[in-house]
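Visitor: I would like a close look at a single part of this protein. Please choose one helix and describe how its residues are placed, with the cut-offs behind each term.

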Amino acid sequence: MTSTLPRTWFARIGAVFRPAADNVEPLPLAVKDPVETAPVDESPRLTEFVLTEGTTVRLRNSITAAAQAGVLPYLTAADYLAAGAMAIPTMMREVPNFGTKTARELDAMITANCETWTRPVVTAELIDDGPTPEEVLDAIGHLSLRQATEGEILSVRLENGLAAPELRTIRFAAVALNLQPFLAEFMRRPNVGRTSARELTQLVHRLVPRLLAQNGVAPEQIARTFSTLFGHRDGAAALPTDDVPTHETLADCLDWLLSQCQDRDREVVERRFGIGRADTETLEEIGADFRVTRERIRQIEKRALGRMRVRMRRVPLADHVNAASERAWLEISEGRGWITDPQSDAALRKLGGELQLALELLGRTPRALLTDVAERSAHGWFGSPIDSALVKTAAAEIRPILKLPLPRSLRDAAHTDDRAEIEAALRVELGLELEQGYVVQSRPGRRMRRALGLHRLLASASGPLPADRLIPQYHRLCPSDPCSARDAEIVMLAAPHLFVETYDQVWSGIGACGSPPVPDAAGSAEGDCPAPVAQSDSESDEETCAASLIAALERRGPERLLTLYQNAKDILPAGRSPNSVGPTLLTNSHIFSRLLPGVYGLPHQVPSAADLLSDPPPYLLDNMQLRMMALARRAGERRDVFPLWSLEGEFALARWGYHHGAPESLRSLLAVADIDAWPISASEQSHWLEVARRDGRFELAEPLRPEAYARPDLDRLLAACIELVSSGELNWMSCNRMAGRRIDSQVGASIIAILLALGAVSVADADPAAWQQSHQATERATALRDELVDTLSSTGVLSWERGIGLRLAQEVVAAAPEIERWPDAARLAAMFDAAAAGSASADDLIVDPLDAIMAESRQSADRQKREDLLRWLLEE
């Protein structure tokens, strides 16, 4: 063993440098016969005596300086005692700064301890000369002073004193061999006094046996070396004992480390990390209990953690953390095996207090734990029990969905049934979210959740649903969401790849359903929406207009839209535009009822069947309604479109028209009326059948006017296909309702003309007035609907200028020459001419004030929808 200190250093402090022999093996102790030994002088050197005893600074400094200068007259306490009465004068003369008071102090201390320095006569076992202390300490010659003291709790002064670079690299064995000279030199350093020297002496005495035992030195040699080096009578008492118990769990390990702290320090740490209690506590909360500042609590915590970090070098804390990490991963990932980046902070807060404290002591962040136990991905981590290979395979399968509009049903994205791998792939690999069985771009807000719930109902329904049926079903599915028809319309308009409005307030869902709603015993969807919604999105301004219209209708009874518009200044609050009337009525179908074309009322104002037969309302009995009824029956329009288009209403109109109506309208109605189903007596029925046989002929037939050939939006063609496939037939009045026009506008026939050219519908009569009849669906109708649905679902847009729209336009133009009589081939082809398509407008067909009101209402409603949609997008 060689020392890192120069030999001159040993000479300067009066020590003898003796290099250890290389490769010295420990020698066995040879025991001889016991012999009686004489008393042995064990008095200490004066320098050692004043360093280890509680002497004054002046006495210690004077003795140490004299020893270093070589002027100390007595080297040991025995020499001092042997001098007798001459000891004090000699010391005062030879030792600088050694006065009377200092001399008396030294004399009193030596006299008090002299009896302990003579070993009594004992019987001992003589042994052969074994390895020297230098040779024994060679076993730990590789350890520096810093390495040897790791894991030991030191005072701040001693720790700072040993922090000097030249001391941290010195060999520990050299310090043990020359402890007293080292202490004398060490005490010359700033802020190092007797207490630090005494602490270091005790530390060396404690470490030498332990380190020798850890490096395989025999206990007998440890005892002998300890006795030789440090002068202890009973060297066996210095044999090392392991004061660190064995810990089976992380909790046991931390409990031992906490036991090394003061009681108050331990309590602070436990409360800060929530160990043994439900929650963690802040510095302020703990400080309030101890009546100290938060800064003082922070200092106490720092001190306790520092003490624990020193002691943790004696225990396998990192091994316990590694063993607990797998179980902690399953807990914070809730057994799923994956955590996304947005979830990571909340998940890491779920780590137990013991594990968080252990990570703090090891200098590791909780996030580093994720890296240790899980695999990092683009948007989070995944680990056991998830198979990473399966996750990456699922991600590769789902990745094309990123090119499509979202949200989208998971059924459109993945074809595997392993939900765990799919969800991990979506969230962790692709950074997407899964909500109600739909893939969404980010964590959905309340309106997005509303849209998904509505799509689940529509996509699982057998056909389109009107708002007055859809909203009650949605409330059963999501009872905490006060969604109105207007609210539903806003979110459905924002997702055109999921919803198509076939008629006004009648919706159809396209694409696959997410998580199908579970029907209850009554066949309605049970509530399973995950998050509540606090309020409706209805606007207060609209509610004010609606309230005013409700009050007016209560006073006046059902009114024509034109009348309400003309009297808007008397009905609406001050400052409201008459243009608010139409949009308010059109977008609040759950409040207002359309009793007849152009006539609005309240739901409780709908006449009963008996009232229609005995006392029909005056707004039903006019020539316009008579004509509308005849055209509707000719077209095969559904009776439930308007409440008064019932059999009772039809009879009431016919009876009124017989006496007061326009003859051509009455005869047309009699030609198409369902007289056999009228709820009248048999004699009355026979009378009306005879009148119909005699006078009934349809006189309202006419060719389609040229201006009616206006190309519709392509999404209206899809709405027509959905209705066509659902009901098996389609008529021009239905197409007008799909386009948001007045029901007797001829523009709706242009949709029928296009479908006829595409082969999606057929009509028995090729008469030029055949557009007024019902057209039947063909096999092409389903294929055309599916093509349009796929395009809208994958792009979110339908346009005549690209893709399927361009192809269908070319197909219509190519088929037009082969069409006879209905529709007009030239005008049909002209709809797809670029210039003609741009110039065709419904405004050309406005012929009365009701048309103007309807057009203005549509435009106002569209503006309001765009504003609502923009507000939603900004809020989301």
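Guide: What follows is a description of one helix, helix 42, with a short view of the chain around it. The model is a predicted one, in which local features need pLDDT of at least 70 and side-chain atom pairs count only at pLDDT 80 or more, while totals for chains, interfaces and linings use all residues. Residues are numbered from 1 along each chain as its sequence is written, and side-chain values use heavy atoms, with hydrogens and water left out.

The protein chain holds 45 helices and 19 strands, where helices (H or I, at least four residues) and strands (E, at least two) are DSSP runs numbered from the N terminus. Of its 876 residues, 48% are buried, a term that stands for under 20% relative accessible area, whereas exposed stands for over 50% and partly exposed for the range in between (1.4 Å probe, protein chains only).

Helix 42 covers residues 803–815, and its 13 residues should span 18 Å at 1.5 Å a residue, which agrees with the 19 Å between its end C-alpha atoms; the expected span is 1.5 Å times one less than the number of residues. Along this helix, the buried residues are Ile804, Gly805, Leu808, Ala809, Val812 and Ala815. Because they cover an arc of only 135° around the axis, these residues lie on the same side of helix 42, the arc being that of the directions from the helix axis to the C-beta atoms. An α-helix has 3.6 residues a turn, so residues three or four places apart point the same way. On the other side of helix 42, Gly803, Gln810 and Ala814 are exposed.

The buried residues of helix 42 have four helices as packing partners, namely helix 38 (714–727), helix 40 (749–757), helix 41 (779–795) and helix 43 (825–830), with contact meaning heavy atoms within 4.5 Å. For the protein chain as a whole, among contacts between residues at least 6 apart in sequence, 69% join residues at least 24 apart.

As a setting for the exposed residues, the protein chain exposes about 40,800 Å², and carbon and sulfur atoms supply 50% of that area; accessible areas come from the Shrake-Rupley method with a 1.4 Å probe, and for residues only the protein chains shown count as cover.
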